[in-house]
Amino acid sequence: MFKLEKITCKADFKRAGKLYKEAFPIDERMPYFMIKHFAKGDKCDFFKLDDNGFAGLMFVVYYEDIVYIFFLAVEPEFRGKGYGTKALDEAKKLFAGKRLILNMEEVDEKYDNYTQRVKRQHFYEGNGFSKSSYKTSEKDVVYEMMQYGGYVTFEEYSRLITSLFGKRIFKRYYKEIK
């Protein structure tokens, strides 16, 4: 049976680290040791997508009534088989009554992987997420904010990121794009 399960054992952290590095380009990743560190606190959780084995990962950040799905990745052999949808469905149940947000790469024809970005956008929209009225940049990567369960302003997103990283990091790396 499919479930989201908090990662606690060394083997799952190791497997998640491998998938994390494979699934996300280096300019979209924070150092993995930081994820493991944050997951030990009360502002974040690191989940494995469990279907009688490790099928993927989801890293979430909490702030007030907002749950930010910071990273979601499915193991290559499970992609295209509904595991991303199952993960989002479980997140909606687990965090019922909360507003869920996530960032996906900006959809624009100027990018080499435009078709992949369109497909990803359709995936999130097909799972009930909608675009917000703003985009964000983290370092030099532009993202489109997607939301489920209610609108999250850029100011709320700013406070969420600041609560995790602090004001100095937020001001240096994060911006609103209108």
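**Exercise 1.** Is Phe165 buried or exposed?

*Solution.* We're working with a predicted model here. Start with the cut-off: buried means under 20% relative accessible area. Phe165 comes out at 18% relative accessibility, so it counts as buried.

**Exercise 2.** Work out how Phe70 and Phe165 pair up, and which parts of the chain they link.

*Solution.* Begin with the geometry: the ring centres are 6.4 Å apart, with 85 degrees between the planes. Ring pairs need centres within 6.5 Å, and planes over 60 degrees apart count as edge-to-face, so this pair gets that label. Next, place the residues: Phe70 belongs to strand β4 and Phe165 to helix α5, 95 residues apart, so the pair links distant parts of the chain. Finally, check burial for the partner: Phe70 has a relative accessible area of 11%, so it is buried too.

**Exercise 3.** Find what Phe70 touches, then place it in the largest nonpolar core.

*Solution.* Skip the neighbours within four places in sequence, and Phe70 is in contact with Met30, Phe59, Val60, Val61, Ile161, Leu164, Phe165 and Tyr174. Now zoom out: the largest nonpolar core has 35 residues, and Phe70 is among those with the most contacts inside it, along with others including Phe59 and Ile161. Then ask who supplies it: α1, α2, β2, β3, β4 and α5 each bring at least two residues, and α5 gives the most, with six.

**Exercise 4.** Which rings have the charged ends of Lys86 and Arg117 sitting over them?

*Solution.* For Lys86, it's the ring of Tyr83, 4.7 Å from the centre. For Arg117, it's the ring of Tyr111, at 3.7 Å from the centre.

Methods:
Residues are numbered from 1 along each chain as its sequence is written. This is a predicted model: local features need pLDDT of at least 70, side-chain atom pairs count only at pLDDT 80 or more; totals for chains, interfaces and linings use all residues. Side-chain values use heavy atoms; hydrogens and water are left out. A nonpolar core is a set of buried Ala, Val, Leu, Ile, Met, Phe, Trp, Tyr and Cys residues joined through side-chain atoms within 4.5 Å. Buried means under 20% relative accessible area, exposed over 50%, partly exposed in between (1.4 Å probe, protein chains only). Helices (H or I, at least four residues) and strands (E, at least two) are DSSP runs, numbered from the N terminus. Contact means heavy atoms within 4.5 Å. Rings of Phe, Tyr and Trp (its six-membered ring) pair if their centres lie within 6.5 Å; planes under 30 degrees apart count as stacked, over 60 as edge-to-face and the rest as tilted. A charge sits over a ring if NZ of Lys or CZ of Arg is within 6 Å of the ring centre and within 35 degrees of the ring normal.
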